[in-house]
Structures are given as structure tokens and as C-alpha cells.
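Tutor: Let us read this model by question and answer. Please look it over before we start.

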Amino acid sequence: MSNQLRVHAALFLVTLIYAANYSLSKDVMPVYMTPFGIVTLRVLGASSFFALIKYFVAPQDKIIGWADNRRSIICGICGIGVNQLLFFSGLNLTSPISASLLQTIAPIVVVIASAILLSEKITLPRVLGIAVGAAGAATLILSRNAQAAVYPHATLGNLFILANATVFGLYLVLVQPLMRKYHAFTVLARVFLVGAIIAVPFGWRDALTANYASFPLKIWLEIGYMVVFLTILAYLLNNWALKYASPALLGVYIYLQPVLAVLIAVGLGKDHLTWGKAGQAALIFLGVWLVSQKPKAANVPTVAAEAVPD
């Protein structure tokens, strides 16, 4: 298998992992475990794994200096702790399709954050893209449909997902200098450690008091999926693929994630695709596409095309 095929395989697998999670998580929460309990298991499992791997593959590599240490702490707060607490809280309250569509807002946040923090140029098409994407997200967040009885707090859940996509977009901008300067496992071990410190106080009681004896095999497998595949494997494959993938290629997989999420959710009977959601998806996709257009003679951060926030 050529390296190009490996990159495509890695990106598709990551996309599929995230897409499936929107529906699989619905089996676990809130009946068997709360959102914060799930987050606690995820961050503890991932932080332990990355710390162990870092010890073997990059034992001498350390984040040094107040500026880089401060940046890594902010990345851990935004990209892991707050990000995951918001994501699972939102997914618990809204539908899988709505959550997956709102996640694609992250590239728009990356462009805005890059303009503020990195002095990146915002062109007219990007301004238009931000407006169109925001309109699509706003109509999706505020819309009420036939599923209101199933998700009575969907508006709040959608706002949580939007906030999740926002903090993860900020994380993508902030983490880029660390990834270029240090070993990937050094950065991942640090940000997951910080994320665990943030998230565990919110969910350790839920994780300890869950009635594990009542969990059927299916639920155990889905929890294992969220810890091993959704957290550890997805981060590993993403970091490897980013070394070889172009922004344009990563942009393709931004659009593929909600498409797969819709197919999985509808196939499993977890959600229904309506014409309203299709129109909202079209607005968001158009906005993201406009924002992802590279300005002439500008150096756009590679991470601006990566939107796999959860």
C-alpha cells in the first residue's frame, strides 16, 4: 500500500470513528452513565496511555519555558477538558445529526482565531463564508421539529456543541506551534494530563457510582470504543496523517464526517434526516467551503482544515 493510500485510509478511519460515536454514545448515556462519567473514563484512559507511550518513545523531550508551558495548559483546557465536557453534555441533549453538523463549524472558528492570534488575512469570501456558516448554525440551533418530544432540551444541547466546536477550533490554532516544536506524544501527554485535571472533578463521582454490574456486553463494548478508538486511536491516526495530508484533502473529510454520521444514525434508527436539516447542512457546508479557500500569497495554517473535535 502506497503512503498516499495509507493517509486516505487513516483519515477515513478517523472520520468513521467520530461519525459512529454520535449514535453509539446514545446507547450509553444517560441510561447507563452520565456524560461527565464517560468523559472521566475517556480522559483517564487516554492520559495514562499517552504518558506511558511518551515515556518510551520520547523520554528526554520536555516542554520548556513559561510561554510553551502556558500554551500547553490552555490547549489542555480548551482541547481536552472543556471540549469533551461540552461535547458529551451537548450530545446527551440533542440529536446525532444536529451535533455532527454543528461540529463542522470548527474550521470557521480556526480562521477567526488565526486572524486574531496569528494575524492571518480574512478575505471577502471568508467573511461571506463566516456569515453563511453562522446563519446555518443559528437556524439549526433554534429550529424546532417533530423530535422536540425526544429532545426537549435540544436548543441547549446545540449551544453546547457549538461551544465545543469553538473551543476545539481555538485549540487547533494554539497547539500548532507545540506540535512543530516538540514530539507529538510529549504534547499529547501534557494536554491530556491537563484535560484530566479539568474534567475528572466533574465526573469522578458519576464514574465511581455507575452500576457497572448492570452493563450488558454491548454497553461495555461501546464504552471501550469511546476510550480506545474515539480518544486514543483517532488522535494517533490524525497526528500521523497531518504530516502528509494537504489542507484540501483534510477539507474533504470535514464534509464526509456528518454524511457518515447521518447514514449511521438513520441506519441505526437513532435519528431522522429532514429537508430542514438538509438545508441547514447546505448552508454550513457552503460557509465552511468559502472559509477554507486559501488567500493568494498567504500561509494558511494546515490545521485550519482539521475539524474533528470531539
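Student: Leaving aside neighbours within four places in sequence, which residues is Phe185 in contact with?

Tutor: The model is predicted: local features need pLDDT of at least 70, side-chain atom pairs count only at pLDDT 80 or more, and totals for chains, interfaces and linings use all residues. Numbering runs from 1 along each chain as its sequence is written, and side-chain values use heavy atoms, with hydrogens and water left out. Contact means heavy atoms within 4.5 Å. With neighbours within four places in sequence set aside, Phe185 is in contact with Phe50, Ile53, Lys54, Val57 and Leu236.

Student: How far apart are the C-alpha atoms of Phe185 and Ile53?

Tutor: Phe185 is found in helix 8. Helices (H or I, at least four residues) and strands (E, at least two) are DSSP runs, numbered from the N terminus. Ile53 is 132 residues away from Phe185 along the chain, yet their C-alpha atoms are separated by 7.1 Å.

Student: Is Phe185 buried or exposed?

Tutor: Three classes apply: buried means under 20% relative accessible area, exposed over 50%, and partly exposed in between (1.4 Å probe, protein chains only). Phe185 has 17% relative accessibility, so the verdict is buried.

Student: Thr186 comes next; which residues is it in contact with, leaving aside neighbours within four places in sequence?

Tutor: Thr186 also sits in helix 8. Thr186 is buried because its relative accessible area is 5%. Leaving aside neighbours within four places, the contacts of Thr186 are Lys54, Ala58, Asp61, Lys62 and Ile63.

Student: At which residue does helix 8 bend by about 60°?

Tutor: Helix 8 has 26 residues and reaches 35 Å from first C-alpha to last, close to the expected 38 Å. The expected span is 1.5 Å times one less than the number of residues. A bend is the angle between axes fitted to the seven residues ending at a residue and the seven starting there. In helix 8, a proline, Pro201, follows within four residues of the bend, which is at Val200.

Student: Which helices do the buried residues of helix 2 pack against?

Tutor: Helix 2 has 23 residues and spans 33 Å, close to the expected 33 Å. Its buried residues include Pro35, Gly37, Arg42, Phe50 and Lys54. They pack against helix 1, helix 3, helix 8 and helix 9.

Student: What is the length of the polar contact between the side chains of Arg42 and Thr231?

Tutor: Arg42, in helix 2, is buried because its relative accessible area is 0%. A polar contact is a pair of N or O atoms within 3.5 Å; within protein, one must be able to donate a hydrogen and the other to accept it, and residues adjacent in sequence count only if both atoms are side-chain atoms. The side chains of Arg42 and Thr231 are joined at 2.6 Å.

Student: Which helix supplies the largest share of the largest nonpolar core?

Tutor: A nonpolar core is a set of buried Ala, Val, Leu, Ile, Met, Phe, Trp, Tyr and Cys residues joined through side-chain atoms within 4.5 Å. The largest one has 61 residues, of which Phe50, Phe88, Tyr171, Phe192, Met226 and Tyr235 touch the most other members. Several helices supply at least two residues each, among them helix 3 (66-93) and helix 7 (154-181). The largest share, eleven residues, comes from helix 1.

Student: How are the rings of Tyr32 and Phe215 arranged: stacked or edge-to-face?

Tutor: Rings of Phe, Tyr and Trp (its six-membered ring) pair if their centres lie within 6.5 Å; planes under 30 degrees apart count as stacked, over 60 as edge-to-face and the rest as tilted. The structure holds 13 such pairs. For Tyr32 and Phe215, the centres are 5.6 Å apart and the planes meet at 85°, making the pair edge-to-face.

Student: How many residues apart are Tyr32 and Phe215?

Tutor: Tyr32 is partly exposed, at 27% relative accessibility, while Phe215 is buried, at 7%. Tyr32 lies in the loop between helix 1 and helix 2, and Phe215 in the loop between helix 8 and helix 9; the separation is 183 residues.

Student: Which residue does a cis peptide bond join to Met29?

Tutor: Omega of this bond is about 0°. The partner is in the loop between helix 1 (3-28) and helix 2 (35-57). The residue joined to Met29 is Pro30.
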